[in-house]
Amino acid sequence: QVQLVQSGGGSVQAGGSLRLSCAAFGYTYSNYCMGWFRQAPGKEREGVAGIYSDGGTTYYADSVKGRFTISQDNTKKTLYLQMNNLKPEDTAMYYCAAVLRVTMTTAQALGVPENYEYWGQGTQVTVSS
């Protein structure tokens with residue numbers, strides 16, 4: 001049974017940093033692509049960052065480029081999102097997600113929530129000004 005368990009998040013002032021983690025259980029991690037998404041109240045879920053299982057291809061939303069970094073530790077089957085220089089507009093519920101690698105054809109596809117099959121439980125990130 002595929003399970004994604006998230007940790008991290010919390011509240012921080014603008015300019016601060018947070019790191020999110022997503023531990024994967026129940027599948028061969030190296031066969032999957034992973035992504036981070038966020039959803040603010042009243043808004044649609046949007047792609048933040050994504051990564052191929054081999055780490056060779058990544059995706060970042062324009063709004064987070066240069067501030068957020070996606071990474072993974074395949075031995076620990078864990079995905080990370082390092083968020084620096086946080087802004088109030090980054091406030092949202094953040095989700096990690098996974099999908100079989102064979103279904104992804106482009107880097108841009110990593111940022112599309114409909115392309116993913118499995119989801120973490122979500123973790124709140126709140127950035128105050």
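Two strands are taken to pair if DSSP finds at least two bridges between them. With that in mind, a good place to start in this predicted model is the contact of aspartate 73 with its partner across the sheet: aspartate 73 stands opposite threonine 78 in β8. The two strands concerned, β7 and β8, run antiparallel and are joined by 6 bridges. Strand β7 covers residues 68–73, and strand β8 covers residues 78–83.This pair belongs to an open sheet of 4 strands, arranged in the order β1-β3-β8-β7 with antiparallel pairing. At its edges lie β1 (3–8) and β7 (68–73), each of which pairs on one side only. From one strand to the next, the twist averages 15 degrees.

Stepping back to the whole protein, the secondary structure is simple to describe. The protein has 11 strands and 0 helices, and reading along the sequence gives the pattern β-β-β-β-β-β-β-β-β-β-β. The radius of gyration of the protein is 14 Å, which agrees with the value near 14 Å that a compact globule of 129 residues would have. Along the principal axes, the C-alpha trace spans about 40 × 25 × 25 Å.

How much of the protein is buried? Buried residues account for 47% of the 129 residues. The accessible surface comes to about 6,300 Å², and carbon and sulfur atoms contribute 46% of this area. Contacts also reach far along the chain: among those between residues at least 6 apart in sequence, 60% join residues at least 24 apart.

Strand β3, which takes part in the open sheet, offers a closer look at one residue and its surroundings. Serine 21 is found in strand β3 and, at 13% relative accessibility, counts as buried, since the limit for that class is under 20%. Leaving aside residues up to four places away in sequence, serine 21 touches Val5, Gln6, Ser7, Trp36, Thr78, Leu79 and Tyr80. One of these, Thr78, is the threonine that stands opposite aspartate 73.

The next residue to consider in β3 is cysteine 22, which forms a disulfide with cysteine 96, with an S to S distance of 2.1 Å. A search of the whole structure finds 1 disulfide. The torsion about the S-S bond is about 65 degrees, so the disulfide is right-handed. Distant parts of the chain are linked in this way: cysteine 22 sits in strand β3 (residues 18–25) and cysteine 96 in strand β9 (residues 92–100), 74 residues apart. Both cysteine 22 and cysteine 96 are buried. Cysteine 33, by contrast, is in no disulfide, and the nearest cysteine sulfur, that of cysteine 22, is 14 Å away. Cysteine 33 is also buried, with a relative accessible area of 0%.

The disulfide leads on to strand β9. Is this strand mostly covered or mostly uncovered? Strand β9 is mostly covered, as 7 of its 9 residues are buried. Several strands pair with β9. Strand β4 (residues 32–39) runs antiparallel to β9 and is joined to it by 8 bridges, with phenylalanine 37 standing opposite tyrosine 95 in β9. Strand β11 (residues 123–128) is likewise antiparallel to β9, through 3 bridges, and here methionine 93 stands opposite glutamine 124 in β11. Strand β10 (residues 118–119) also runs antiparallel to β9, with 2 bridges between them; in this pairing, alanine 97 stands opposite tryptophan 119 in β10.

Finally, two loop residues have backbone angles that invite attention. Most residues other than glycine have a negative phi. Lysine 77 has a positive phi of about 55 degrees although it is not a glycine. This lysine is placed in the loop between β7 and β8, and lysine 77 is partly exposed, with a relative accessible area of 25%. Asparagine 85 has a positive phi as well, of about 50 degrees, and is not a glycine either. Asparagine 85 lies in the loop between β8 and β9. With a relative accessible area of 42%, asparagine 85 is partly exposed.

Note on methods: Residues numbered from 1 in each chain as written. Predicted model: local features only at pLDDT ≥ 70, side-chain atom pairs only at ≥ 80, totals over all residues. Heavy atoms only, no water. Axes fitted to C-alpha atoms, helices over the stretch in contact; angles between N-to-C directions. Rg over C-alpha atoms; globule rule 2.2 N^0.38 Å. Buried < 20%, exposed > 50% of the residue type's maximum accessible area, 1.4 Å probe, protein only. Contact = heavy atoms within 4.5 Å. Areas by Shrake-Rupley, 256 points an atom, 1.4 Å probe, with all protein chains shown as cover. Disulfide = S-S within 2.5 Å.
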